[in-house]
Each structure stands twice: as C-alpha cells, then as structure tokens.
Amino acid sequence: MQVVLVNTLRLYPVFPVLARVALKDTKLPVGGGKNQTEPVFVPRGTNVIMSYYAIHHDANIYGDDVEEFIPGRWDHIHPDQYQFLPFGAGQRACLGQPKALVEAAYVVARLAERYEILECRDKEPWEGEIKLTCKSANGCKVAFRKE
Ligand code: HEM
C-alpha cells in the first residue's frame, strides 16, 4: 500500500515547486559547473526555486520508465531524502507526513474493501493545474463499482 501512495506522490507531487530565500551568502554543494557537480554561490536575498516535480521525473534516479506508474520500482530503487520530496526535507519538512500517509492508506483500503472495480471516467489525458499546489485540472472523474 505504501509503495502505491509514494509512487503517486512521486508522479503527481501535491507541492510540485517550493522556494527558499537565502538569508545570508551561501553555497549549494552541487549544481554548478559544466557537469553540475561544482558548488553554486547563492548571494544573500536570492530566491531559490526548487522543482520537486522535475526531480521526481528524473530518469537518472527513477529509471528510463520514469513516467510509468510502477509501484514495484520501490523494491529496487532507494532515492535519498533530497531525491524524493513530496513532504519536503530538512528542518522545514512536513510535520503531517505520517498522518497524511496513514489516512490515505485507510481510505484506499476501505474503498478496496467495498468496491471491486475502479474506472477512470475522464475522457482527457491527465493534466495538472499548477498553483501553490498541483491537482488534476479536469477534476477527479472516477467511478467505483461492485462488479
Ligand atoms: C498529502 C498530504 C501532504 C503533503 C503532500 C504535504 C507536503 C508538505 C510540504 C511539501 C511542506 C513544505 C516542506 C518544506 O518547506 O520543505 C509541508 C509543510 C508542512 N506541513 Fe504538510 N503535507 C501534507 C499534509 C499535512 C498534514 C495532514 C499536516 C498536519 C496535520 C501537515 C502539516 C505541515 C506543517 C505544520 C508544515 C510546516 C512545517 C515547517 O515549516 O516547519 N501537512 N507539507
């Protein structure tokens, strides 16, 4: 169950982009130079915008089939805390992560218990509506059936 949830959060992170402001001159350890392996100088006051969506869709981390919904990939990949960031990382990481994952698992388990078939009723391919958070632009058009 957890791999289904984390794989969903990987492909469709609720917060696709987050930002920080440098309060003092600082250096990011990598990302600079020709191969992005050198440090990057970040002067005080700089806005640093991080695309978690891009990291979650990086084939170097998740494999060539990165766009596929394959929960089983978590059996053989081990992204570190800055490669998989649906809840952020570091000192300001989400405090509600365990609560969110337990509640989502509970809802999915109860739906699976009650219904046998889940059908997509969206005629369009998935499209993201990106504001502060990201959600389906076309709404959540699904049907649950007993048979
Ligand atoms: C799927 C559900 C959720 C997702 C994807 C999510 C994601 C995030 C992310 C990305 C951040 C920002 C981390 C950062 O700035 O580095 C955050 C912060 C936070 N979240 Fe969540 N969150 C979720 C649910 C919740 C819930 C249920 C609660 C509380 C009941 C919660 C409480 C917080 C708090 C208090 C912060 C601010 C932490 C700080 O700045 O020190 N979140 N969340």
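In this predicted model, the backbone oxygen of glycine 139 lies 2.9 Å from a polar atom in the side chain of serine 136. The side chain of serine 136 also reaches the backbone nitrogen of asparagine 138, at 3.3 Å. Serine 136 itself belongs to strand 7, which covers residues 134-136. Leaving aside residues up to four places away in sequence, serine 136 touches Trp126, Glu127 and Glu129.

From this local detail it is helpful to step back to the whole chain. Four helices and eight strands are present, and their order along the sequence reads α-β-β-β-β-α-α-α-β-β-β-β. The C-alpha trace spans about 60 × 30 × 30 Å along its principal axes. Of the 147 residues in the chain, 22% are buried. Among contacts between residues at least 6 apart in sequence, 54% join residues at least 24 apart.

The N-terminal part of the pattern opens with helix 1, residues 2-11, whose buried residues are Leu5, Val6, Asn7, Leu9, Arg10 and Leu11. The list holds asparagine and arginine alongside leucine and valine. These buried residues of helix 1 pack against three other helices, namely helix 2 (52-56), helix 3 and helix 4. As general background, an α-helix has 3.6 residues a turn, so residues three or four places apart point the same way.

Further along, strand 2 (residues 26-32) pairs with strand 3 (residues 38-42) in the antiparallel sense, over four bridges. Within this pairing, threonine 26 stands opposite valine 42 of strand 3. The two strands form a hairpin with five residues between them. Glycine 33, in the turn, has a positive phi of about 75°. Another positive value belongs to glutamine 36, a residue other than glycine, with phi near 55°. Glutamine 36 lies in the loop between strand 2 and strand 3, and it counts as exposed because its relative accessibility is 51%, where the cut-off is over 50%.

The ligand site brings together residues from several parts of the chain. In total, 15 residues surround the ligand, and the closest are Arg20, Phe87, Arg92, Cys94 and Gly96. Strand 1 (17-21) and helix 4 (97-114) are the elements that give two or more residues to this shell. By class, the shell comprises 10 nonpolar, two polar and three charged residues.

Both arginines named among the closest residues have a polar partner in the ligand. For arginine 20, an N or O atom of the side chain is 2.7 Å from an oxygen atom of the ligand. For arginine 92, the corresponding distance between a side-chain N or O atom and a ligand oxygen is 3.0 Å.

The iron atom of the ligand deserves a separate look. Which protein atom serves as its donor? The single donor from the protein is the SG atom of Cys94, 2.2 Å away. Cysteine 94 is located in the loop between helix 3 (59-62) and helix 4. Helix 4 thus has several roles in this description: it follows the loop that holds cysteine 94, it gives two or more residues to the shell around the ligand, and it is among the helices against which the buried residues of helix 1 pack.

How values were computed
Residues are numbered from 1 along each chain as its sequence is written. This is a predicted model: local features need pLDDT of at least 70, side-chain atom pairs count only at pLDDT 80 or more; totals for chains, interfaces and linings use all residues. Side-chain values use heavy atoms; hydrogens and water are left out. Two strands pair if DSSP finds at least two bridges between them. A residue is near a molecule or strand if one of its heavy atoms lies within 4 Å of it. A polar contact is a pair of N or O atoms within 3.5 Å; within protein, one must be able to donate a hydrogen and the other to accept it, and residues adjacent in sequence count only if both atoms are side-chain atoms. Ala, Val, Leu, Ile, Met, Phe, Trp, Tyr, Cys and Pro count as nonpolar, Asp, Glu, Lys and Arg as charged, and the others, Gly among them, as polar. Donors are N, O and S atoms within 2.8 Å of the metal (3.2 Å for Na, K and Ca); water is not among the atoms, so sites may look incomplete. Buried means under 20% relative accessible area, exposed over 50%, partly exposed in between (1.4 Å probe, protein chains only). Contact means heavy atoms within 4.5 Å.
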